[in-house]
Amino acid sequence: MMETPPLTDAPLAPKGSDKIWSMLSHLSALLGVGFVLPLVVYLAMRHESEYVATNAREALNFHISVLIYALGCLPLVFLLIGIPLLIGLGLGSFVLAIIATIKASNGRCYRYPLTLRLVS
């Protein structure tokens with residue numbers, strides 16, 4: 001008889017200020033601190049709260065990926081295709097950060113699309 005694997009998208013039951021730290025991690029680019037805040041939150045909270053660590057790690061991977069994508073678009077600015085790509089990247093990252101923040105406020109962990117999983 002085969003057993004079904006446990007759900008990986010199950011909520012990690014945030015407690016205390018876990019939701020706030022997770023939401024701040026996702027909103028860090030909008031607050032002007034980029035990937036620094038998720039990195040600090042991840043390093044500080046990874047042994048205390050799996051919920052915060054998962055959200056901060058996901059936000060950190062996303063912000064690093066956006067930085068890499070933006071650096072890849074910079075040479076294309078001279079060909080004029082980089083300008084709309086950078087605008088699309090900025091708008092997309094803004095929308096995805098808002099979605100991730102809403103999910104974190106509901107006690108869920110959001111997995112960003114097209115994100116390089118560099119921090120595990």
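Here's a quick briefing on the salt bridges in this structure. Keep in mind that the model is predicted. The count comes to 2 salt bridges, and Glu58, Arg111 and Arg117 are linked through them in a network.

**The two pairs**
- Glu58 pairs up with Arg111 in a salt bridge, and their closest N and O atoms sit 3.8 Å apart. That makes the cut, because a side-chain nitrogen of Arg has to be within 4 Å of a carboxyl oxygen of Glu.
- Glu58 also meets Arg117 side chain to side chain, with 2.4 Å from N to O.

**What gets tied together**
- Glu58 belongs to helix 3 (residues 50-73), while Arg111 is in the segment after helix 4 (82-105), so this pair ties together parts that are 53 residues apart in sequence.
- Arg117 is in the segment after helix 4 as well, and its salt bridge (2.4 Å, N to O) with Glu58 links distant parts of the chain, 59 residues apart.

**Who's buried, who's out in the open**
- Glu58 counts as buried because its relative accessibility is 8%, and the cut-off for buried is under 20%.
- Arg111 has 57% relative accessibility, so it counts as exposed; the bar there is over 50%.
- Arg117 comes out as partly exposed, with a relative accessible area of 34%.
- Put the network and the accessibility together: Glu58, Arg111 and Arg117 are linked by salt bridges, with Glu58 buried, Arg111 exposed and Arg117 partly exposed.

Conventions
Residues numbered from 1 in each chain as written. Predicted model: local features only at pLDDT ≥ 70, side-chain atom pairs only at ≥ 80, totals over all residues. Heavy atoms only, no water. Helix = DSSP H or I, 4+ residues; strand = E, 2+ residues; numbered from the N terminus. Buried < 20%, exposed > 50% of the residue type's maximum accessible area, 1.4 Å probe, protein only.
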